[in-house]
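Work through the exercises below with the sequence and the model open beside you. Try each task before reading its solution.

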Amino acid sequence: MKKYIAMSLFALFAMNVCAQDFDTEPTLKVDNQENDVHFTVGARFMADYAAYHTDFTPMQSGASITDARIRTSMTYKDWYFYADFGFGGGKFAQKNIFLQYSKKDKNDNTHAIKAGYYNDPAGSMARNTSLGSYHFISRPGSSMALGEGRELGISYRFTNKMFTAYQGVFTENQYNKIDAGYNGIVVAGRYLVRPIMDEKQTVHVGVRGRYVKLGGGTVTNNVLKKSVRLAQPMETYVDEDEQFVSADLPWADRIWDLGAEALYHNDRVFLRGEYFFKRVTKKRDSYSLFIDAQNNIDGWGDIDWWTNANKLRNNTFQGGYGEVGFMVFGKPYRYNLQEGVLGGLDGKALEIVARFNYTHLNDKVKGEYFNPGRGEYYANGYMEDWPGTGATSVGGGIVRSYTVGANYSFNKFAMFMVDYTYHRLSKDMLPYDKNFHQVQARLQFTF
């Protein structure tokens, strides 16, 4: 009797804690009942085809193995270890690898301490949902440009039926491979409230916050230069060109992320969405750069002239998305309490989905002039080579993306997905690129 109770508890633990890591419950299990040790092995394969039509700059239509993974886990009493290795795109990649200790108290609250390399809790609801459980071929562009993915660190999560408080401390670079400086620090948290949660439906609302103190960078003229790049592909993995929506921010010092999210589902319908706000503050040793600039025939002579020609300004960006899905037939939608995300399709099913995404990577100053030939902004409303541009505008681009799709799950292991997306782009650097049309299909196998 005790054996069956233990196995039932383990199955419940695997469903609640591991669903983010395994898109479906692994079929290959090895149980050592004597030592209370349980091993699982799983895998995932995704092959995509995409056809693109653009106004000017071409995107490369074709097919690609977009993801291939081997996954393993071990559970020993209240301890859980997980490792995930990817081979998509013909390259080996380190995915999630972590150790977690989880315990329920007498009031049915779950306390979990997690350490290793895994998704930043404040990255976004979309980024914390496994791609194999997502209801679209790609995650929304705003979550890729303004959210955050995996980081190395340690976190604590408190969960019960009504609340989740998930916070942690992470490093800027998981391998400490930086050219100069030191590995920065990240503090992040995600907080959810579930006013409604029963076997039929769930409502959750939440907020996220993230603070980054950048430490690593490159040395420019004997001065440490820290930079941040914000970018997204056009919601596709066959051609992941980021030139259409991207912003490079030199002299970055700190990053502040704020976000909000909401989710609702019942047996046949889901609605969810997120908002992203990002502020990047900048800092540099202007005096040392000014002194270095004197070592040539065009020396500035006065630091005020140099500073006016090389202005520095903090930047803000925003974005968001909304998604809806309708289950034509199949098992009801399910909610993962521990991760605070919607689960994927389970068994034979057909659903229809739609999404709107908005990514805003522009932070322009009114009156500044952009010259596409030089790829530069000028502060005085016209092109001026001396004493410098004096401009601080960032033209990363604005994109509005509209997606409709259908997903058919043959069984719990195999699924076919098809999406159509229309993007409307506005970017000074690419004035002739406005309309993007793409049709994508995916064959996915998970066990």
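The exercises that follow concern one helix and several salt bridges in a predicted model.

**Exercise 1. The buried side of a helix**

Find which residues of helix α3 are buried, and explain why they line one face of the helix.

*Solution.* Begin with the extent of the helix, since α3 covers residues 286–293, and its buried residues are Ser286, Leu289, Phe290 and Ala293. Next, look down the axis of α3: the buried residues fall within an arc of 100°, and therefore they line one face of the helix. Finally, ask what this buried set packs against, and you will find β12 (216–220), β13 (223–225) and α4 (303–309).

**Exercise 2. A salt bridge between two strands**

Locate the salt bridge between Arg71 and Asp84, and decide whether each partner is buried or exposed.

*Solution.* The first step is the distance, which is 3.7 Å from N to O for the side chains of Arg71 and Asp84. The second step is to place the partners: Arg71 lies in strand β3 (residues 62–76) and Asp84 in strand β4 (residues 79–86), so the pair ties together parts that are 13 residues apart in sequence. The third step is accessibility, where buried means under 20% relative accessible area. Arg71 has a relative accessible area of 1% and is buried, and Asp84, at 1% relative accessibility, counts as buried too. As a last step, look around the pair, because Arg71 and Asp84 belong to a network of salt bridges that also links Asp23, Arg44, Asp67 and Arg69.

**Exercise 3. Two further pairs**

For the salt bridges Glu242 with Arg229 and Asp257 with Lys278, work out which parts of the chain each pair ties together, and how accessible the partners are.

*Solution.* Take Glu242 and Arg229 to begin with, whose closest N and O atoms are 3.5 Å apart. Glu242 lies in the loop between β14 (227–231) and β15 (246–250), while Arg229 lies in strand β14, so this pair ties together parts that are 13 residues apart in sequence. Glu242 counts as partly exposed at 30% relative accessibility, and Arg229 counts as partly exposed at 43%.

Now turn to Asp257 and Lys278, whose side chains meet at 2.6 Å, N to O. Asp257 lies in strand β16 (residues 252–265) and Lys278 in strand β17 (residues 269–282), so here the parts tied together are 21 residues apart in sequence. Asp257 counts as buried at 8% relative accessibility, and Lys278 counts as buried at 3%.

Methods:
Residues are numbered from 1 along each chain as its sequence is written. This is a predicted model: local features need pLDDT of at least 70, side-chain atom pairs count only at pLDDT 80 or more; totals for chains, interfaces and linings use all residues. Side-chain values use heavy atoms; hydrogens and water are left out. Buried means under 20% relative accessible area, exposed over 50%, partly exposed in between (1.4 Å probe, protein chains only). Helices (H or I, at least four residues) and strands (E, at least two) are DSSP runs, numbered from the N terminus. The arc is that of the directions from the helix axis to the C-beta atoms. Contact means heavy atoms within 4.5 Å. A salt bridge is a side-chain nitrogen of Lys or Arg within 4 Å of a carboxyl oxygen of Asp or Glu.
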